[in-house]
Amino acid sequence: MWASALLQNSSWRFDFRSALLGALLAWGIAWVAYLRRNAIKQRLEQLRAPLLRWRARSQRSTGEKYLGALQEALRRLLLFTPQNPRQVFVPPRFLAPGPLPASLTEAAETPATVRLNYDALEHGHSRIIICGVPGSGRTTALALNVWNSPEPGAAEERPRDKPYQRFPLWIDLALPGEALDPKATPIQVIAEFARRFMPEAISKWLVRQLRTQPSLILVDSWDTLPFFMRHEMAQRIAQAADALPDSRWIIAAGTSGYGPLTEIGFTPVHLQPALDQETPLTLHAGWSAALGLSEAELSEEDLALMRWAVVAGETLPELTLRANLQLRCRQNPYRPVEVLEGLLRDFYLPVPRVEGDPEGAAQDERPVQDLAVTVLAQLARILRLEGRVATTTQLQELLDRLVPSTDRQDKTPGLVRKLIQSSAILDRAGKTLRFVHPIWEDFLTAKALAAETAETRLEPLLLLEHLYDPEWRYLLDCYAGISDAEPLIKALLRDGLARKAGGAHEALLLAARWTVRAPEDIPWRSYVTKALAQTLLQPGLSLEERLKLAEALALVAGEEAYPIYQQVLRQPALPVRIAALRGIGWTGGAKDLKLLAAALKDPHPEVQENVLHAISDLGIPEAQRFLLNLLPQSSERMMLSITEILAAQPECWEGLREATGADDLLIRRAAAHGLGYIRQPWARERLQQLQRDDPQWLVRSAAEAALSAQQTSPGAVEAPPQPDQTQWLMAWAAKQGLGLGVGEAALALLLHALRSGDDAARILAARTLSRIGRPEHLELLRTLEAGQSAGQSAGVQQAAQEAIRQIETGYRGIPETPKEEPATAAAPETAAPETPPRG
């Protein structure tokens, strides 16, 4: 009875309208959650990530922790510290010495150099030098070895305390450190050098890992070592390498000054960055994925500008900067310094906007950024030019001097300090400060020097002193884009016109490079244009040199170079006319197709080859269609050249694919040859189909050859030749009735072959010395270069010239050492030399 009374007095009643509204609201929330399920899932994963990382860290072995710490430290050396560097890595190739022929009859047939893929660093000889100019990507190429994927199935079988095929060790020779223990063994010395890069590593643990398993020892910054210390450092490396017979050593060095390393058995390979028309697409796709922008598209305008940057000589790091500015800030300016300026201000130094006052914040943004850039430029100058270590205290002193906070109502000093302290452009790891990448140190130093030049109105004597210094090349590139570089350009033109610079007119090409990077309205552009045009007509130049000068003229003068090429085309000399035809391709248009088509009738094969490239260089659809339509009318040799050219242009891939279905079997064969140059899944599938289904054996054979070329191994780096194990020298000694001997006796026989052998023996002896020669061998080689031996052929002279160039390059700047008895390598526990290499 009380229950019925309670129900009667209760105020609760079922409200159908409220229930319906609640159901609709719940359904709406569920629908929104369903639509945003991916974003919600991503957010939940972000919230769980710290917990998962903590759990993973607690379960990791010592080896896994070491590898993770090493990879984290190496990420800081890479632009924008990508989480997965392999995702954005564009593997370079290497120009390496080719194998010496086994017999004298092959002296003129085997190539002196071979091109190797990046993966070749893992194979062949275990002592390698990566040679490259600063900014070419040599440190990145070195560091990516730590991320190399394990062999399939090996990861599951490998113990957790060894999560790598080889124990990786990173040494940066540019880092200072305490004096080494004179009683330390070679392995302990190497471990101490590694701890300068990773101070948290335990020396004894590193030594134990090196002794108990194969190792991969990566050494950076060889070119920062003082010249007089390089022989000593090479001996330390030799002792450690001999004490670790299962170790693989890769050292990043400059393009010269590595001779002491070749003395201890290292082979130099010269880095060739992968810069072609596909590079912008590769970088954009990789960085889009790395930044989580899978739907980001590269417009035709941005793609054309990035491809122009490749042609204009921008380096891979500069293209990486472009790709990131385009993806992060939606900007793609014309000149490289504008790219750097955009990233510096909009990515590294963004001024936070005040809510409710966006216009006022934008108005104050520029002066705040200007002051911050001035402070950073002075800090870079200290690091780059004075060689001092920068600390947070020095940064604070710079701020106090350049941005004094005297007026309490002036908020600018506080904003500048806050901006610099929060900027990611400075790496604050450890007790010192450094810029996150050398590019920023060079760029900001150039800004500081440009400001000084503008203030004093004096010639930049310091820059003139380092005009041809490779270590200053990028700094000078930036300076030419920021400041008035006329004094530098005039010095280059004087040297170039007087032929004082080495190589393919290095001075003129360098002047052209800086002119391209400078503002459009510079007054000295006409000087450079005139010098290039004059030099293009000079006798005594190789075709390669003329083509470089002609391309530089096109980049400097643009369309204004077109009438120059038309005039040069009237010259009778064949190399001059070829350069002019290529120039018309770089600067011409559709109207020039008729002229270039007529030039194809020239009987010289080198003219026809270059005309095909000139037609392709026009870069217009009409030219691409012309090349495709030219296939049925061409000779077999020209067909192959056309398909190779089409394969280098992604826009022509569809036409090349269609050509594989042509009625003419020669066209199908040439198209299959061209598809072999396209490393895409669809191209491989089409080649497999041709190999299987085409009725003509000639086409099937071409498809099989193209597939085989794509499957070739990355190659291997050859060890330096040992005279007492060189087959051609053994054969020559046996023919002469001489004993070969070992060591110094075999070297003496090699020099005897160079003096007294026939042309084939002299060529091979010079090629051998180009790999193992030392400065004391230059005098004999110069005798051959001068052609002072009776009956000497031009091939001997060329081989001697190349050997002289290689030896002089390797020992450039290295002081001569007194002749001593050959030092024996230290045993694993032998004490290292007492004098430390760096203190």
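Reader: Let's start with E122: how exposed is that residue, and what does it count as?

Author: E122 has a relative accessibility of 35%, and because that value falls between the cut-offs of 20% and 50%, the residue counts as partly exposed. Please keep in mind throughout that this is a predicted model.

Reader: Where in the fold is E122 found?

Author: E122 sits in a loop, the one that links strand 2 (113-116) with strand 3 (127-131).

Reader: And what does E122 touch, if I ignore residues up to four places away in sequence?

Author: With those set aside, E122 touches N148 and R248. R248 is 126 residues away from E122 along the chain, yet the C-alpha atoms of the two are separated by 8.5 Å.

Reader: OK, stepping back a bit. How many helices and strands does the chain have?

Author: There are 39 helices and 9 strands in the chain. The chain runs to 839 residues, of which 47% count as buried. Among contacts with a separation of 6 or more, 69% are between residues that lie 24 or more positions apart.

Reader: Which residues touch the most other members in the largest nonpolar core?

Author: Those are F435, W440 and L444, in a core that holds 147 residues. The element that gives the most to this core is helix 15 (residues 358-385), which supplies 10 residues. Speaking of soluble globular proteins in general, nonpolar side chains tend to be buried together.

Reader: Take W440, then. What is in contact with W440, beyond its neighbours within four places in sequence?

Author: Beyond those neighbours, W440 is in contact with L79, L321, L340, L343, L344, Y348, I425 and F435. There is also another core, lying apart from the one just described, with 71 residues that include F89, A238, A243 and W249.

Reader: Switching to Q326: buried or exposed?

Author: Q326 is buried, because its relative accessible area is 4%, and the cut-off for that label is under 20%. This glutamine belongs to helix 13 (residues 316-329).

Reader: What surrounds Q326, again leaving aside neighbours within four places in sequence?

Author: Q326 is in contact with H284, E297, L298, D302, Q331 and N332 once those neighbours are left aside. For L298, which is 28 residues from Q326 along the chain, the C-alpha atoms of the pair are separated by 8.8 Å.

Reader: Now some helix packing. At roughly what angle do helix 21 and helix 22 cross?

Author: The axes of helix 21 (residues 486-497) and helix 22 (residues 506-517) cross at roughly 150 degrees and come within 8 Å. Since angles over 145 degrees carry that label, the two helices are therefore roughly antiparallel to each other. The crossing of helix 21 past helix 22 is left-handed.

Reader: Which residues meet there?

Author: From helix 21 come L488, I489, L492, L493, D495 and G496, and they meet A507, L508, L510, A511, W514 and T515 of helix 22. By type, the residues of this contact divide into 9 nonpolar, 2 polar and 1 charged.

Reader: I'm also curious about T535: where is its place, and what does it touch?

Author: T535 lies in helix 23 (residues 525-536). This threonine is buried, with a relative accessible area of 1%. Not counting residues up to four places away in sequence, T535 touches L497, H505, L508, L541, R546 and L549.

Reader: How do helix 23 and helix 24 cross?

Author: Their axes come within 9 Å and cross at roughly 155 degrees, helix 24 being residues 543-557. That angle makes helix 23 roughly antiparallel to helix 24, and the crossing is left-handed. Helix 23 contributes R525, V528, T529, L532, T535 and L536, while helix 24 contributes R546, L549, A550, A552, L553, V556 and A557. Sorted by type, the residues in this contact are 9 nonpolar, 2 polar and 2 charged.

Reader: One last pair: what about helix 30 and helix 32, left-handed or right-handed?

Author: Helix 30 and helix 32 make a right-handed crossing. The contact involves E636, M639, L640, T643, E644 and A647 of helix 30, together with L666, I667, R669, A670, A671, H673 and G674 of helix 32. These residues divide into 7 nonpolar, 3 polar and 3 charged.

Technical notes: Residues are numbered from 1 along each chain as its sequence is written. This is a predicted model: local features need pLDDT of at least 70, side-chain atom pairs count only at pLDDT 80 or more; totals for chains, interfaces and linings use all residues. Side-chain values use heavy atoms; hydrogens and water are left out. A nonpolar core is a set of buried Ala, Val, Leu, Ile, Met, Phe, Trp, Tyr and Cys residues joined through side-chain atoms within 4.5 Å. Buried means under 20% relative accessible area, exposed over 50%, partly exposed in between (1.4 Å probe, protein chains only). Helices (H or I, at least four residues) and strands (E, at least two) are DSSP runs, numbered from the N terminus. Contact means heavy atoms within 4.5 Å. Axes are lines fitted to C-alpha atoms, for helices over the stretch in contact, and angles run from 0 to 180 degrees between N-to-C directions. Angles under 35 degrees count as roughly parallel, over 145 as roughly antiparallel, 65 to 115 as roughly perpendicular and the rest as oblique. A crossing is left-handed if the near helix is turned anticlockwise from the far one by less than a right angle, and right-handed if clockwise. Ala, Val, Leu, Ile, Met, Phe, Trp, Tyr, Cys and Pro count as nonpolar, Asp, Glu, Lys and Arg as charged, and the others, Gly among them, as polar.
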